[in-house]
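Q: Could you take me through the ligand site in this one? I'd like a close look at that part and nothing else.

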Amino acid sequence: MSCVKTIGILTSGGDAPGMNAAVRAATMVAISQGMKVVGISRGYRGLLEGQFTELTGANVHTIFRDGGTMLHSTRCLEFHTVPARDRARAMLREREIHGLIVIGGNGSLAGALALSDPAEGGELAPRVIGLPASIDNDIGLTGMSIGVDTAMNTIVEACDKISDTACAHDRTFIVEVMGRDCGYLAMTAGIASGADLVLFPEAGRPPEEVVESAVKAVLGKRDPAGHVGSTLIIKAEGVEIATEELKSRLDARLDEELGAEKNEIETRVTVLGHVVRGGRPSAFDRLLGARLGNVAVRAMAAGATRKMVAWMPPVELPEDVARRSDFDPYCWLVDLPATLAETENLLRGESPLARWRASALDNLEDVFSI
Ligand code: F6P
């Protein structure tokens, strides 16, 4: 058995669909390893206020289907201070919680790191393992964070609906999506929903250029006879110009280009806002949360601390048959004959991946029955 007998779990910062799947998996795996699990409500605020409840298999059994987080979440500014973290460490020690799993984004992981700093907390510093969870996909050293896939699907579904009405009326829609300073959701959802233009902060364009690119996209949709088409523009919230301002400057420029009396282009704005953060997690987010939660507990039991469990595609490919493409770091160029040979191995259950899948399922047999 691990030297950590009781673990705490909290979710912190903006909620993300799939957090519940991570809580459930971490709870069930920890129980299967003989640990006691304490859920801490409302993130670091709840930790400071002593909001602790024991989690059992029964508590968490069906939560994986639900959006949000059963543990609730807050953004706790007070946790940026040393006295608050001292209180939190004392709270954990009082309840004999020696390991903490923190599920959240940048700020939450930074909080976990400070909390576990031996230079600050001495022997009271708990072990911590972080799980990346933020719809923004703005966390380093992980390919995906919990919540991103569901948010992307929500945006694509909304854009499909908006495109129906946009096409029916030959209108231009500017759809604003969340993502804070990161354009990942806008970019990926833009590709998946066939947007005519995607505006994202990483492009670093000043407002005038943003307006001009929108003008170009809209005018480009007119056919040779001058008929107005529909245009879908997806704009990340982090782009420097406010969305309503973009609309009015776009309208003014279209009046200028076409003549105010002849300009028939109607523009509309939809801000998806917090809709993007809610809803039932996609199958991928349930799986991602569960797999990260599983590894978090097993790693903590094996003595790890001050780590984040990251999600990366398996990248141990032999150099003579595979190389990372220059165009997209997720995409590799692999030899076709080698691919087919490895597929044979996979189907025969002889490849490292097939063996890993089999042993992972073996390990989980005990957990499923909780
Ligand atoms: O980080 C997640 C996120 O949803 C961002 O996309 C957005 O900018 C922010 O949180 C909104 O925060 P709040 O819910 O506190 O308004």
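Q: To start with, how far is an oxygen atom of the ligand from an N or O atom in the side chain of E237?

A: That distance is 2.5 Å, in what is a predicted model. Two arginines also offer polar side-chain atoms to ligand oxygens: for R75 the separation is 3.0 Å, and for R180 it is 3.4 Å. As for cover, the ligand on its own would expose 400 Å², and the protein buries 74% of that.

Now for the rest of the surroundings. Besides E237, R75 and R180, the residues around the ligand are I135, D136, M178, G179, H274 and R277. Sorted by character, this shell holds 5 charged residues, along with 2 polar and 2 nonpolar ones. If you're thinking in terms of pockets, the ligand takes up the space of the second largest one.

It also helps to see where the shell comes from. The protein chain is assigned two domains: domain 1 covers 6-147 + 281-349, while domain 2 covers 154-277. Each of them supplies at least three residues to the shell around the ligand. By those bounds, R75 belongs to domain 1, whereas R180 and E237 belong to domain 2. So much for the shell; as for the two domains themselves, their C-alpha centres lie 35 Å apart, and they do touch, with 9 residues of domain 1 in contact with 8 residues of domain 2.

Technical notes. Residues are numbered from 1 along each chain as its sequence is written. This is a predicted model: local features need pLDDT of at least 70, side-chain atom pairs count only at pLDDT 80 or more; totals for chains, interfaces and linings use all residues. Side-chain values use heavy atoms; hydrogens and water are left out. A residue is near a molecule or strand if one of its heavy atoms lies within 4 Å of it. A polar contact is a pair of N or O atoms within 3.5 Å; within protein, one must be able to donate a hydrogen and the other to accept it, and residues adjacent in sequence count only if both atoms are side-chain atoms. Accessible areas come from the Shrake-Rupley method with a 1.4 Å probe; for residues, only the protein chains shown count as cover. On a 1 Å grid over the protein atoms alone, a cavity is a set of points where a 1.4 Å probe fits but cannot get out, and a pocket is an open set with protein on both sides within 12 Å along at least five of seven lines; lining residues have an atom within 4 Å of a point. A molecule sits in a cavity or pocket if more than half of its atoms lie within 2 Å of its grid points. Ala, Val, Leu, Ile, Met, Phe, Trp, Tyr, Cys and Pro count as nonpolar, Asp, Glu, Lys and Arg as charged, and the others, Gly among them, as polar. Domain bounds come from an automatic or database domain assignment. Contact means heavy atoms within 4.5 Å.
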